[in-house]
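Student: I am new to this structure and would like to understand the reasoning behind the terms that are used for it. Could we go through them one at a time?

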Amino acid sequence: MINFNGKKYYNPKQAIKHFPVAESTLYYWSNKGTLDLLDIDKFCKENPLEKNDLVAKFYIAEHSLEEKSEEAK
């Protein structure tokens, strides 16, 4: 999990452990643009990290996961 600008972000593997959502659904929502994702460029610019240092290619905001998992019920 990443904390950035007061928000918590999960990579897809972490998200499926904490929320009742399939990994394929996360990728679908991500590609469709319906999730609030971490701006990785901004995150890396403000931290001493490169994109390749991160575990995942995208991170999903916790509030977005909560909303979407509620909708899916």
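**Reasons behind the labels**

Tutor: Let us begin with aspartate 41, which in this predicted model has a relative accessibility of 47% and counts as partly exposed.

Student: Why is aspartate 41 called partly exposed?

Tutor: The label exposed is kept for values over 50%, and buried for values under 20%; aspartate 41 stands at 47%, so it is counted as partly exposed.

Student: How do you know that lysine 51 forms a salt bridge with aspartate 41?

Tutor: The closest N and O atoms of lysine 51 and aspartate 41 are 2.6 Å apart, and the rule asks for a side-chain nitrogen of Lys or Arg within 4 Å of a carboxyl oxygen of Asp or Glu, so the pair qualifies as a salt bridge. Lysine 51 lies in the loop between H3 and strand E3 (60–61), while aspartate 41 belongs to helix H3, so the pair ties together parts that are 10 residues apart in sequence. Lysine 51, with a relative accessible area of 47%, is partly exposed.

Student: What makes glutamate 23 and lysine 13 a salt bridge?

Tutor: Their side chains meet with an N to O distance of 3.5 Å, and the cut-off is within 4 Å, so this pair also meets the rule. Glutamate 23 is in helix H2 and lysine 13 in helix H1 (residues 12–18), so that the link joins distant parts of the chain, 10 residues apart.

Student: Why is lysine 13 called exposed, but glutamate 23 partly exposed?

Tutor: Lysine 13 has a relative accessibility of 52%, which is over 50%, and therefore counts as exposed, whereas glutamate 23, at 24%, falls between the limits of 20% and 50% and so counts as partly exposed.

Student: What makes aspartate 36 and lysine 7 a salt bridge?

Tutor: Their closest N and O atoms are 3.1 Å apart, and within 4 Å is what the rule requires. The pair links distant parts of the chain, 29 residues apart, with aspartate 36 in the loop between helix H2 (23–32) and helix H3 (40–46) and lysine 7 in strand E2 (residues 7–10). By this rule the count comes to four salt bridges.

Student: How do you know that E2 pairs with E3?

Tutor: Two bridges join E2 to E3, and pairing calls for at least two bridges, so these antiparallel strands count as a pair. In E3, alanine 61 is the bridge partner of tyrosine 9.

Methods:
Residues are numbered from 1 along each chain as its sequence is written. This is a predicted model: local features need pLDDT of at least 70, side-chain atom pairs count only at pLDDT 80 or more; totals for chains, interfaces and linings use all residues. Side-chain values use heavy atoms; hydrogens and water are left out. Helices (H or I, at least four residues) and strands (E, at least two) are DSSP runs, numbered from the N terminus. Buried means under 20% relative accessible area, exposed over 50%, partly exposed in between (1.4 Å probe, protein chains only).
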